[in-house]
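Q: I am new to this structure and would like to go through it step by step. Could we begin with the empty space inside?

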Amino acid sequence: MGLSILDLFKIGVGPSSSHTVGPMVAANRFLETLKVKGNLEDTHQIRIELYGSLAMTGEGHATDTAIMLGLIGEKPDQLDPDLAPSLIDSIRKTKQLNLAGDHLITFIESQHLHFLHGHSLPKHPNGMTLRAYDEAGLELFHDNYYSVGGGFVLNELETEQTSANNAIQVPYPFNNAQDLLDIGDSSGLTIAEIVLENEKFLGRTDNIQRDLLAIWKVMDNCIKRGCEQTGMLPGGLNVRRRAHQLHQELLNRPENLKDHLEVMDWVNLFAIAVNEENAVGGRVVTAPTNGAAGVIPAVLAYYHHFVNGSDEEGICTFLSTASAIGMLYKKNASISAAEVGCQGEIGVACSMAAGALCAVMGGNNRQIENAAEIGMEHNLGLTCDPIAGLVQVPCIERNTMGAVKAINAARLALKGDGQHRVSLDDVIETMRQTGLDMQDKYKETATGGLAVNVVMC
C-alpha cells in the first residue's frame with residue numbers, strides 16, 4: 001500500500017475535509033493545470049458546478065468559500081483561518097477574484113458558482129466540475145474532481161486508474177489487517193514499526209518523527225484554543241460553545257466533588273474543544289476526516305495526560321498505529337460520510353484511536369487489531385445527518401462518544417489475548433457493505449434523520 005502516514009493526517013482548516021479541504025485542493029490543482037497548459041493568463045471566467053453531497057450540504061460546510069480561497073491560491077495547510085473571512089468578503093464586495101494570486105477576473109457567485117441539487121457525477125457523491133473560459137466565452141479547459149474523504153482528491157482520469165498502476169514499492173506492503181499480522185509475525189515488527197519502515201520509501205518526509213510531533217502540536221493547540229473561545233458557533237443553529245465552560249468547571253471542581261469518571265469528562269472536553277474549532281473553520285488535523293477530527297486528538301490527549309509513562313515516542317507510535325488502521329479503511333471501504341455514512345468518519349476514527357491507544361498501553365499486534373475491530377463493530381450503520389448541513393449537531397457530541405468508545409475498546413482488547421471471533425477485515429467489509437445499503441438521505445445530504453426531524457429556530 002503506497003499511502004503515507006501524512007496522507008491520513010493532514011493539517012488543514014474546518015469544517016469539513018471532504019467539503020472544505022478537498023474542494024480547496026481541487027481548486028489548487030485546477031490552477032496548476034491551467035498554468036501547465038498555458039491557459040491561466042487567457043482565463044477570463046471560471047465556472048464551478050457542485051454535485052451530490054457537495055451541493056446538498058456545501059453551503060453549511062463552506063464548500064463555496066473553500067473553492068474561492070483555493071482559486072486565489074490559498075492552500076489548506078497554509079491558510080490563516082483568521083484571515084479567510086476578509087478574503088472572501090473582498091471577493092464578494094468587489095465581484096473580482098485574483099486567480100492564483102496574480103490574475104484578476106470577474107467573479108459573481110450567483111453566476112459562476114452553482115449548487116446543482118439533485119444532480120450527481122458518476123464516480124463519487126462528492127463531485128465538482130471546474131471550467132475556465134477565455135474572453136470570447138470559449139471553454140479553455142475543464143475537469144471533474146472528486147473529494148473522496150479525508151481531503152483526498154481525484155480528477156476524472158485518476159478515478160479510472162488502478163492503485164496497482166501507481167503503487168510505490170515498500171518493504172512491507174499490506175492490503176488488509178491479516179497482512180499486517182502476518183508481517184508482524186515474520187518480522188517481529190509492531191504495526192507502528194511496519195508503517196514507519198514503509199514511510200522511509202515513500203519520499204514524503206525526511207523526518208517522520210518530527211512531522212508526527214508537529215501534527216500532535218497542531219492537535220494540542222486546537223484543544224487549547226477550543227478551551228479558550230466562547231460565544232455562538234456560526235451558521236444559524238445558535239449552538240453555544242461549551243468547551244470553555246467545561247474546562248473551567250474541571251479546573252475549579254472541588255476535591256470533594258471529584259469522582260472516578262472525571263477522566264471521561266476531560267476526554268469529552270478534548271473532543272468538544274477540537275470540533276468546536278473545526279465548526280468555525282479553525283486549524284485542525286484531518287484524523288482521518290474533519291467531521292471526526294476530535295476523536296484521535298481526544299484519545300491521544302488522554303494518553304498524554306493520564307497514562308503513566310507517556311512520552312514523545314509513544315505519541316509517534318500512537319499516530320503511526322492509527323494511520324495503519326486508517327489505511328485499511330481507505331483502501332478496502334471508505335472514509336467518506338457521503339459514501340458510507342458517519343460510520344466512515346466517527347467509526348473509522350474510533351477504530352484508529354482504539355488500536356493506537358492499545359498499542360501505546362502495551363498491546364501486541366493481535367490485541368491492537370482486536371481493539372480496532374471493536375471500535376468499528378459498534379459504530380456499524382452510523383448515519384450522517386447533520387442539521388442544516390452544519391458540522392455541529394450531532395457531530396460535535398458524536399466525537400465525544402467516539403473517543404470514549406475508543407478508550408473502552410482498547411481496554412477490552414488489553415484484557416484479552418487477541419483471539420476473537422470477528423476480525424478487523426470482516427468488520428471493514430461489513431462497514432463497506434452497510435454503506436452501500438444505506439439510503440442516500442443518511443449520507444451527508446441533510447435530507448434524513450435529525451436533519452429533517454429537528455426544527456431550526
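A: We may begin with the second largest cavity, which has a volume of about 60 Å³. On a 1 Å grid over the protein atoms alone, a cavity is a set of points where a 1.4 Å probe fits but cannot get out, and a pocket is an open set with protein on both sides within 12 Å along at least five of seven lines; lining residues have an atom within 4 Å of a point. Grid points are joined across faces, edges and corners, and a volume is the space filled by probe spheres set on the points. This is a predicted model, in which local features need pLDDT of at least 70 and side-chain atom pairs count only at pLDDT 80 or more, while totals for chains, interfaces and linings use all residues. Residues are numbered from 1 along each chain as its sequence is written, and side-chain values use heavy atoms, with hydrogens and water left out.

Q: Which residues line the second largest cavity?

A: The lining consists of Ala177, Leu180, Leu181, Ile191, Ile325, Leu328, Ile368, Glu369, Ala372 and Leu424. Helix 8 (177-187), helix 14 (312-332) and helix 17 (365-377) each give two or more residues to this lining. Helices (H or I, at least four residues) and strands (E, at least two) are DSSP runs, numbered from the N terminus.

Q: How do the residues of that lining divide into nonpolar, polar and charged?

A: There are 9 nonpolar, no polar and 1 charged. Here Ala, Val, Leu, Ile, Met, Phe, Trp, Tyr, Cys and Pro count as nonpolar, Asp, Glu, Lys and Arg as charged, and the others, Gly among them, as polar.

Q: How much space lies in the largest cavity?

A: The largest cavity holds about 120 Å³ of space. Its lining includes Pro15, His61, Cys342, Glu345, Cys384 and Glu444. Because domain 1 (15-160) and domain 2 (177-202 + 207-442) both give residues to the lining, the largest cavity lies between them. The domain bounds come from an automatic or database domain assignment.

Q: Cysteines, then. How many disulfides does the structure hold?

A: The structure holds 0 disulfides, a disulfide being a pair of cysteine sulfur atoms within 2.5 Å.

Q: Why is Cys384 not bonded to Cys342?

A: The sulfur of Cys384 is 5.5 Å from that of Cys342, its closest cysteine sulfur, which is too far for a bond. Cys384 is also buried, at a relative accessible area of 9%; buried means under 20% relative accessible area, exposed over 50%, and partly exposed in between (1.4 Å probe, protein chains only).

Q: Back to open space. What is the volume of the second largest pocket?

A: About 750 Å³ of space lies in the second largest pocket. Of the 38 residues that line this pocket, Gly14, Pro81, Val280, Gly281 and Gly282 are the closest to its centre. The lining divides into 18 nonpolar, 11 polar and 9 charged residues.

Q: And the backbone: which residues does a cis peptide bond join, with omega about 10°?

A: One such bond joins Gly14 and Pro15, and Pro15 sits in the loop between strand 1 (10-13) and helix 2. The peptide bond from Val393 to Pro394 is cis as well, with omega near 10°. Pro394 lies in the loop between helix 17 and helix 18 (395-414).

Q: Is Lys95 buried, exposed or partly exposed?

A: Lys95 counts as partly exposed, at 41% relative accessibility. Its phi is near 55°, a positive value in a residue other than glycine.
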